[in-house]
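Me: Please take a close look at a single part of this structure and build up from there. I am in my first year, so keep the sentences short.

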Amino acid sequence: AKDPVRVLVTGAAGQIGYALVPMIARGVMLGADQSVILHMLDIPPAAEALNGVKMELVDAAFPLLKGVVATTDVVEACKGVNIAVMVGGFPRKEGMERKDVMSKNVSIYKSQASALEAHAAANCKVLVVANPANTNALILKEFAPSIPEKNITCLTRLDHNRALGQVSERLSVQVSDVKNVIIWGNHSSTQYPDVTHATVKTSAGERPVRELVADDAWLNGEFISTVQQRGAAIIKARKFSSALSAASSACDHIRDWVIGTPKGTWVSMGVYSDGSYDVPAGLIYSFPVTCKNGEWSIVQGLSIDEFSRNKLDKTAEELSEEKALAYSCLA
Ligand code: NAI
């Protein structure tokens, strides 16, 4: 049997954590033949709730779950972890300035980066979920210089899956028959959900989404804003964040990264930009990627029309501003 994989979830007592840890323990993230040891971190005010989650994990008697570490000590939490899913962070509260929220998260991600750098397993893969996800990941990368930059990513798979879902609803086709949408840029309302290269499997072979939808006004307007605003729409409806779909998408992100993307299919991941598609190098930016042997690579050579170009640039600009704001918090 394979050795168990140690998976860290920070913010594990929160909404997403509560949805995510049972998925991991059931094999949704790493497969039904891979045992896991869960490391759960939260902060002292949530320690009792975190212990309650641990009790439930015991009670659920998951066959794949070989151990649970529940702690408020970041060093203990990071020890030997192979995968780190960073869900903990400081949420924006009413009346708070953007800079104050950024400053709180920069200091959290700086210190957690140092703990991962010192205590995680070599080649640990990191997924940042907590907002501002791209910039938190960038700070984590800056303060964990011994973790290869290709190992530090952020979650835009939820946005990707939302885009697949919208196309599938619009065309009344199975979501599993839709593929190769792209989320470009920031996990924020400036993200660009792009269907230019997306296809649907039909009885007549793979057909472009644009041709089947045949409504560019919808694709270039309402579709984009629906995906961009979906998080807010879920909060309005549920009074809580989109925890179920965020947790499920985090599992998709890690699973595809570790196990590989199916042939002919790409997914969206927030990764360190190497300047592909004229996106400034050194930002964590969401690109279309394929994964193989535990490594992602950016899909190259896709055509970018003028409409898309503007949108790619706009979300890059926002990320550059966030980066500058984050650095001003460090100074
Ligand atoms: P939540 O508030 O229910 O849970 C957050 C948890 O993090 C809390 O238990 C809190 O005590 C903990 N926490 C705070 N500071 C911490 C620290 N320094 N170390 C460890 N834990 C800490 O929030 P929820 O709904 O679970 O969302 C978590 C984050 O994920 C938020 O930042 C949210 O904006 C983000 N999010 C990102 C999505 C994405 O697609 N990238 C989608 C949905 C949410």
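Reply: Start with the shell around the ligand, where helix H1 (15–25) and helix H11 each supply at least two residues. Keep in mind that this is a predicted model. H1 gives the largest share of the shell, 3 residues. In total, 28 residues surround the ligand. The closest are Gly 11, Gly 14, Gln 15, Ile 16 and Gly 88. Gln 15 and Ile 16 fall within the span of H1, residues 15–25.

What is the make-up of the shell by class? It has 16 nonpolar residues, 11 polar ones and 1 charged residue.

Now follow H11 away from the ligand. H11 covers residues 243–259, and helix H6 covers residues 157–171. Two packed helices are described by the angle between their axes and the distance between the axes. Here the axes come within 8 Å and cross at roughly 105°. That crossing angle makes H6 roughly perpendicular to H11, because 65 to 115 degrees counts as roughly perpendicular. On the H6 side, Arg 157, Leu 158 and Asn 161 make the contact. On the H11 side, Ser 245, Ala 246, Ser 249, Asp 252 and His 253 take part. Sort the residues of this contact by class, and you get 2 nonpolar, 4 polar and 2 charged. So H11 has two roles in this account: it supplies at least two residues to the ligand shell, and it crosses H6 in a roughly perpendicular way.

Next, the strands. Strands of a sheet pair through backbone hydrogen bonds, either parallel or antiparallel. Strand S12 (residues 267–272) pairs with strand S13 in the antiparallel sense, over 6 bridges. One pair to find is Gly 270, whose bridge partner in S13 is Ser 286. S13 also joins strand S14 (residues 295–298) through 4 bridges, and these two run antiparallel. Here Cys 291 has Trp 296 of S14 as its bridge partner. So S13 pairs with S12 and with S14.

How many of the 9 residues of S13 are buried? The count is 7, so S13 (residues 284–292) is largely enclosed by the rest of the structure. To count as buried, a residue needs 20 or more other C-beta atoms within 10 Å of its own.

Look at the turns beside S13. The hairpin of S13 and S14 has 2 residues between the strands. In that hairpin, Asn 293 takes a positive phi near 50°. The loop between S12 and S13 holds Tyr 277 and Asp 278. Tyr 277 is not a glycine, yet its phi is positive, near 55°. Asp 278 has a positive phi of about 55°, and it is not a glycine either. Are these two residues buried, partly exposed or exposed? Tyr 277 has 19 C-beta neighbours inside 10 Å, so it counts as partly exposed. Asp 278 has 12 other C-beta atoms within 10 Å, so it is exposed.

There is also an open sheet. Its 3 strands come in the order S7-S10-S11, with antiparallel pairing. Strand S7 (178–179) and strand S11 (205–208) are the edge strands, and each pairs on one side only. S7 and strand S10 (residues 199–202) share 2 bridges. Across that pairing, Lys 179 stands opposite Thr 199 in S10.

Just before S10 is a loop that begins after strand S9 (192–194), and Thr 196 is found there. Thr 196 is partly exposed, because 17 other C-beta atoms lie within 10 Å. Leaving aside its neighbours within four places in sequence, Thr 196 is in contact with Arg 210 and Ser 308. Thr 196 and Thr 315 are 119 residues apart in sequence and 18 Å apart in space, C-alpha to C-alpha.

Compare another residue. Glu 117 sits in helix H4 (residues 98–119). With 16 C-beta neighbours inside 10 Å, Glu 117 counts as partly exposed. Its contacts, beyond neighbours within four places in sequence, are Ala 144, Ser 146 and Ile 147. Glu 117 and Arg 238 are 121 residues apart in sequence and 37 Å apart in space, C-alpha to C-alpha.

One last stop is a peptide bond. The bond from Asn 131 to Pro 132 is cis, with omega near -5°. Pro 132 lies in the loop between strand S5 (125–128) and helix H5 (133–142).

Note on methods: Residues numbered from 1 in each chain as written. Predicted model: local features only at pLDDT ≥ 70, side-chain atom pairs only at ≥ 80, totals over all residues. Axes fitted to C-alpha atoms, helices over the stretch in contact; angles between N-to-C directions. Parallel < 35°, antiparallel > 145°, perpendicular 65-115°, else oblique. Contact = placed C-beta atoms within 7 Å. Nonpolar A, V, L, I, M, F, W, Y, C, P; charged D, E, K, R; others polar. Pairing = 2+ DSSP bridges. Near = placed C-beta within 6 Å.
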